[in-house]
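User: Please give a close account of one buried polar side chain and of the packing and open space in the model. State the cut-offs as you go.

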Amino acid sequence: FIFMSFAAFSTILAVFENIISFAIDLWGFPRKKAVICNVFAIILLSLPCILGFNVLSGFQPLGPGTNIMDLEDFIVSNNLLPLGSLGYLLFCTRKNGWGWDNFIAEVNAGTGMKFPKCLKNYVAYGIPAIIIVIYLKGYYDKFAGLGTAALAGWMIVALVLLGFVFYCATAKKKVKQ
């Protein structure tokens with residue numbers, strides 16, 4: 001039992017360390033400032049979840065019978081995960097990102113099985129198409145029961161988010177002068 005609690009505690013610490021390291025790397029914060037800023041951010045961002053079944057229990061963001069947890073699940077499962085994976089995939093296969101050649105060099109470094117170069121078109125075009133279909137199907141399944149107008153509105157939201165990911169993936173890098 002004691003060792004199980006250590007494992008859970010170390011997992012929690014690892015998650016927080018990733019968040020803190022992100023702030024240190026991205027914004028150049030010293031560790032103390034990163035910890036303080038993230039403690040406040042985590043508390044603030046946790047409030048909707050904490051208050052979702054009492055003070056905010058009447059808030060039904062995705063229609064009757066939904067709550068804050070449904071909204072948070074929708075944001076993560078239906079948006080961040082598929083669009084994030086699409087973003088990473090486009091970054092690894094496009095010239096204005098990491099690029100296919102750099103991806104292949106990194107993946108095939110060392111010993112062991114090699115990633116086949118012949119899969120370039122499948123990885124660059126096939127897998128993104130599959131992700132897009134799954135992403136849009138998720139929106140369809142989630143909102144089809146709310147009527148045509150609601151479905152159309154939410155599908156427009158989905159397409160705008162997809163467009164944003166593609167914009168970020170295809171935007172030219174700005175050259176500092």
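Analyst: **Asn79 and its surroundings**

Asn79 is buried, with a relative accessible area of 8% (buried means under 20%, with a 1.4 Å probe and protein chains only). The model is predicted, so local features need pLDDT of at least 70 and side-chain atom pairs pLDDT 80 or more, while totals for chains, interfaces and linings use all residues. Residues are numbered from 1 along each chain as its sequence is written, and side-chain values use heavy atoms, leaving out hydrogens and water.

Asn79 belongs to helix H3 (helices are DSSP runs of H or I, at least four residues, numbered from the N terminus). Its side chain forms a polar contact of 2.6 Å with that of Tyr139 (a donor and an acceptor, N or O, within 3.5 Å; residues adjacent in sequence count only through side-chain atoms). Leaving out residues up to four places away in sequence, Asn79 touches Phe74, Gly84, Tyr135, Tyr139 and Leu161 (heavy atoms within 4.5 Å).

Tyr135 returns this contact: beyond four places in sequence, the partners of Tyr135 are Asn78, Asn79, Pro82, Leu83, Ala158, Leu161 and Leu162. Tyr135 and Tyr139, together with Leu86 and Phe143, have the most contacts inside the largest nonpolar core, which has 20 residues (buried Ala, Val, Leu, Ile, Met, Phe, Trp, Tyr and Cys joined through side-chain atoms within 4.5 Å). At least two residues of this core come from each of H3, H4, H5 and H6, and H3 gives the most, with 6 residues.

H3 also borders open space. The largest pocket holds about 260 Å³ (an open set of 1 Å grid points with protein on both sides within 12 Å along at least five of seven lines; lining residues have an atom within 4 Å of a point). Among its 13 lining residues, Gly87, Phe91, Val165, Cys168 and Ala169 lie nearest the centre. Helix H3 (68-93) and helix H6 (148-170) are the elements that give two or more residues to this lining, and H3 gives the most, with 6 residues. By class, the lining of the largest pocket has 8 nonpolar, 4 polar and 1 charged residues (Gly counts as polar; Asp, Glu, Lys and Arg as charged).

The second largest pocket holds about 180 Å³. Its lining includes Arg94, Trp100, Asp101, Lys120 and Tyr125, and divides into 3 nonpolar, 3 polar and 4 charged residues. Helix H4 (100-107) and helix H5 (120-143) each supply at least two of them; the largest share, 4 residues, comes from H5.

Terms used:
On a 1 Å grid over the protein atoms alone, a cavity is a set of points where a 1.4 Å probe fits but cannot get out, and a pocket is an open set with protein on both sides within 12 Å along at least five of seven lines; lining residues have an atom within 4 Å of a point. Grid points are joined across faces, edges and corners, and a volume is the space filled by probe spheres set on the points. Buried means under 20% relative accessible area, exposed over 50%, partly exposed in between (1.4 Å probe, protein chains only).
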